[in-house]
Amino acid sequence: PMDSGTVLHDSIERFSRTLLDRGISWQDLTPEQEEELVELSLEQASRSYHGLLMYDSERSTYNLQRMKRVLRRTVDTLRYQLLQGAFEPSGYELPFGEDPQIRFRLETGQELRLVGRIDRMDLCVRDEQVLVKILDYKSGKRDLKQDMILRGLQLQLVVYMEAALKMMEKRYPGRKIEPAALLYYRFRDPVIAADPEQAAGMLEEALSGPALSAEKELLRTLRP
């Protein structure tokens, strides 16, 4: 069976990297460019998933059309969010584990080293300060909840943020590096909404996670 979550994850990464390669910003993306790159990214991602097996049935064809709707909505939502404020995408699928290293000393005396990849990192770069936002793509229904983080039950994005902060300390020596937000983006099939307020609420629902920055002015730019 087709793994829609894997294909969508691969598609949005390909879309983002193609924007970067072509020198197109998310904010300046035109509808024509969006449509072209959505088609291209989904085709490349789907063909890399077990070759052409995703095209072998009517069900697979239907699923591809559904994923195209989801991918288009994803691009629209992420672009909408960036248009609200001062953050800019700064990295996709960023690896950590070797550099920077995230290590923990266990009670047994052994050392635990964590490795992983950050789906997307956005930055707000100021004269003496760099604010970091982490975005993780999910196909399930999990939400990021602050009380679960404090209880040590949702630490994935906390580890990602720790790695991102270490990266930025090297990239911007002498500046204050601070966490701004941890966010999940949940892939969802869109529902047509005639009411503009309802449509705005759908965009809000797709993003979930606690904001970490104490600056109220900046907080308003993190989420639509």
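Of the 27 residues in the largest nonpolar core, which touch the most other members? You'll find out in the second legend; keep in mind throughout that this is a predicted model.

**Figure 1. The whole chain, with its seven helices and seven strands.**
Start here to get your bearings. If you walk along the sequence, the elements come in the order α-α-α-β-β-β-β-β-α-α-β-α-β-α. The chain has 224 residues, and 44% of them are buried. On the outside, the chain exposes about 12400 Å², and carbon and sulfur atoms supply 50% of that area. Now for how the chain meets itself: among contacts with a separation of 6 or more, 70% are between residues 24 or more positions apart.

**Figure 2. The largest nonpolar core, a set of 27 residues.**
Here's the answer to the opening question: Ile 12, Phe 15 and Trp 26 touch the most other members. At least two residues of this core come from each of α1 (4-22), α2 (31-47), α3 (58-83), β5 (129-138) and β6 (176-186). Helix α3 gives the most, with seven residues. As a bit of background, nonpolar side chains tend to be buried together in soluble globular proteins.

**Figure 3. Zooming in on Trp 26 and the residues it touches.**
Leave aside anything up to four places away in sequence, and Trp 26 still touches Ile 12, Phe 15, Ser 16, Leu 19, Val 75, Leu 78, Arg 79, Leu 82, Pro 89, Tyr 92 and Arg 120. Don't take this core for the whole story, though: there is a second, separate core of 22 residues, and Leu 123, Val 130, Ile 134 and Ala 164 are among its members.

**Figure 4. Three rings in one aromatic cluster: Tyr 137, Tyr 185 and Phe 187.**
The structure holds four aromatic pairs, and this view shows two ways for rings to meet. Tyr 137 and Phe 187 are stacked, because their planes sit at 25°, with the ring centres 5.8 Å apart. Tyr 137 belongs to strand β5, while Phe 187 is in the loop between β6 and α6 (196-206), so this pair ties together parts 50 residues apart in sequence. Now look at Phe 187 with Tyr 185: the centres are 5.9 Å apart and the planes are at 75°, so this pair is edge-to-face. Are these rings buried or exposed? Tyr 137 and Phe 187 are both buried, and Tyr 185 is buried too, with a relative accessible area of 0%. For Phe 187 the relative accessibility is 8%.

**Figure 5. A salt bridge from helix to helix, joining Arg 72 and Glu 35.**
The structure holds 14 salt bridges, and this is one of them. In general, side chains of opposite charge can pair when their charged atoms come close. Here the side chains of Arg 72 and Glu 35 meet at 3.3 Å, N to O. Since Arg 72 lies in helix α3 and Glu 35 in helix α2, the pair ties together parts 37 residues apart in sequence. Arg 72 is partly exposed, at 26% relative accessible area, and Glu 35 is partly exposed as well, at 30%. Widen the view and you'll see a network of salt bridges that links Glu 35, Glu 39, Lys 68 and Arg 72.

**Figure 6. A salt bridge within one helix, between Glu 43 and Arg 47.**
The closest N and O atoms of Glu 43 and Arg 47 are 3.3 Å apart. What separates the two residues along helix α2? About one helical turn, because they are four residues apart. Glu 43 is partly exposed, with a relative accessible area of 38%, and Arg 47 is partly exposed at 38%.

**Figure 7. A buried salt bridge, made by Asp 122 and Lys 133.**
In this pair the closest N and O atoms are 3.1 Å apart. Asp 122 is in strand β4 (residues 116-125) and Lys 133 in strand β5, so the bridge ties together parts 11 residues apart in sequence. Asp 122 is buried, with a relative accessible area of 0%, and Lys 133 counts as buried at 2%.

**Figure 8. A nonpolar patch on the surface, made by Phe 104, Leu 106 and Leu 112.**
Time to go back outside. Together, these three residues make a patch of about 240 Å². Phe 104 is found in strand β2 (residues 102-105) and is partly exposed, with a relative accessible area of 40%.

How values were computed:
Residues numbered from 1 in each chain as written. Predicted model: local features only at pLDDT ≥ 70, side-chain atom pairs only at ≥ 80, totals over all residues. Heavy atoms only, no water. Patch = residues over 30% accessible without salt bridge, like charges linked within 9 Å, V, L, I, M, F, W, Y side chains within 5 Å. Areas by Shrake-Rupley, 256 points an atom, 1.4 Å probe, with all protein chains shown as cover. Salt bridge = Lys/Arg side-chain N within 4 Å of Asp/Glu carboxyl O. Buried < 20%, exposed > 50% of the residue type's maximum accessible area, 1.4 Å probe, protein only. Core = buried A, V, L, I, M, F, W, Y, C linked by side-chain atoms within 4.5 Å. Contact = heavy atoms within 4.5 Å. Phe/Tyr/Trp six-rings, centres within 6.5 Å; stacked < 30°, edge-to-face > 60°.
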